[in-house]
Amino acid sequence: MSAAGADAPTRLSPDRLRELFLFADLDDAQLAWVAAAGDVVAHPAGSEVSVEGEPARCFHVLLSGTLSMVRRVGRDDVETVRTDSPGVYSGAVQFYLGDQIDQVYPATVRAVTDCTFLALPAGEFAAVFRRWYPMAVHLLQGLFVGARNSQELVGQRERLLALGKLTAGLTHELNNPAAAASRATSALRERVAGMRHKLALLAEGRVDGARLRELTDLQERFVARIGTTGELSALERSDREDELGDWLEDHDVDRPWELAAVFVPAGLDVECLQQVADAVGEDFLEPALRWLAYTVETELLLGEIVESTARISHLVGAAKQYSQLDRTPHQPTDLHAGLDATLVMLSAKTGPGIRVVKEYDRSLPPVPAYAAELNQVWTNLIDNALDAMDGSGTLTLRTAVAGDSAVVEVADTGPGIPEEVRRRVFEPFFTTKAVGQGTGLGLDVAWRIVTGRHGGVLEVRSVPGDTRFVVRLPLAEVAPPA
């Protein structure tokens, strides 16, 4: 079996094969098969022996020279092995699995110096290997398939748990404004009924039309003042209620504290009440004030309903942005919108002891990406950061442009990640959480989405009080994987 660009193949003798650790324990018949099936091929320095992702046709065994094995991580080639040890192997290393997986080269192998390799055809080697070692093949297949199935099942469980947490948080967040709107609507019905009653009393009295029109004008001016006076401190509010209460008591108004508690939040003062007294006279002052109080309360309740429904719309919009239900899978994506939506979805977990800081570079352009998948990344990183801080600390989200990449940092002020743990955080099933609290797939999923799906880089830097997960995504369009 010759390799492209290589010299004409030669054969190795069984005795020479037995010198290689890989074949040292084969019997004579097995060695004879390897000697007959394997070609000795030469590769000059700098040439490629196999290319990552291409169909895996040969199982290569190094005979002489130095090879380099590299993996593509994002847009960088990372060397994982450099060796000159005869007998090391590469290429179709999972040949024994046959058509259970896509047989492609897992890495690119290059000849650093002039090299020679023994090249065995993967398909033929798989067939004879299964005859030679049937039990070993069954064990290897079971190990591979079992690990893959386990990862898929636990991954599904991880996604369901994450969905459950997000749903619970969103339900909690939606319940607050919905309950507020319901309470305000119920109270509004009572205030409108009371306002109609007081208006009828005014209309039946001896208030002429001109004074009633003046009172109506005052009503409009008072309503316009609502929300323009700013937030009052508890002391300021108490002082103003006392001042209005004294004025109302001096004018023989029953239960003056009730009206004072309504007028002060609306920004009304003694001067406003005096205008009402001048407009209707002392005989009709209390009905007029009660009518105005109902008007003010109605406006305040309407404002509360508007604010609550706006909050509900915002939450629904965040959920829609997070899930990307109405978006195409791969398109220019606003990373800030995804980060903000994720914060909303996790807001129930962001307690009062967590300070959230956003350091966004607003010059960051849209990034070509699978938006919903990136939101899974933000969810895993932010959720882990919140867990690390255990209810107290600062969560910082940063974005920036670095050359031809977009950079997103998720930082926390937790205790940090020890070096021995940091080396393994992206391994599947590795977790430092208690049994039942973590599957060890969150960061593995994030890593695969960033590197595999987007051609980016995900790394972690950590010292006590400052742990940062850094995501780098290409700004230019990258062909999505097949």
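**Exercise 1. A charged patch**

Task: Which residues gather in a patch of negative charge on the surface, and where does one of them, D239, sit?

Solution: Let's start with the members. The patch is formed by E236, D239, D242, E243, D246, E249, D250, D252, D254, E282 and D283. Keep in mind that this is a predicted model. Next, pick out D239, which belongs to helix α6 (residues 234-250). Finally, check its exposure: D239 has a relative accessible area of 45%. Exposed would need over 50% and buried under 20%, so D239 is partly exposed.

**Exercise 2. A salt bridge within a helix**

Task: How far apart are the closest N and O atoms of E241 and R237, and what separates the two residues along helix α6?

Solution: First, the distance: the closest N and O atoms are 3.2 Å apart. A salt bridge needs a side-chain nitrogen of Lys or Arg within 4 Å of a carboxyl oxygen of Asp or Glu, so E241 and R237 form one. Second, the spacing: the two are four residues apart in helix α6, so about one helical turn separates them. Third, the surroundings: E241 is partly exposed at 24% relative accessible area, and R237 is partly exposed at 37%.

**Exercise 3. A salt bridge between strands**

Task: Which strands hold R398 and E359, and what does the pair tie together?

Solution: Begin with the contact itself. R398 and E359 meet through their side chains in a salt bridge of 2.8 Å, N to O. Now place them: R398 is in strand β12 (residues 393-402) and E359 in strand β10 (residues 354-359), so the bridge ties together parts that lie 39 residues apart in sequence. Then widen the view: a network of salt bridges links E359, R398, E409, D466 and R468. The count for the model comes to 20 salt bridges.

**Exercise 4. Buried or exposed?**

Task: Is F117 buried or exposed, and which residues does F117 touch beyond those up to four places away in sequence?

Solution: Find F117 in strand β8 (residues 115-121). Its relative accessibility is 0%, so F117 counts as buried. Now look around F117: with residues up to four places away in sequence left out, it touches D39, V40, V41, H43, V49, H60, V61, L62, L63 and L67. Take V49 as an example: F117 and V49 are 68 residues apart in sequence, yet their C-alpha atoms are 8.9 Å apart in space. For the wider picture, 42% of the 482 residues of the protein count as buried.

Key: Residues numbered from 1 in each chain as written. Predicted model: local features only at pLDDT ≥ 70, side-chain atom pairs only at ≥ 80, totals over all residues. Heavy atoms only, no water. Buried < 20%, exposed > 50% of the residue type's maximum accessible area, 1.4 Å probe, protein only. Patch = residues over 30% accessible without salt bridge, like charges linked within 9 Å, V, L, I, M, F, W, Y side chains within 5 Å. Areas by Shrake-Rupley, 256 points an atom, 1.4 Å probe, with all protein chains shown as cover. Lys, Arg positive; Asp, Glu negative; His and termini not counted. Charge placed at Lys NZ, Arg CZ, Asp CG, Glu CD. Contact = heavy atoms within 4.5 Å.
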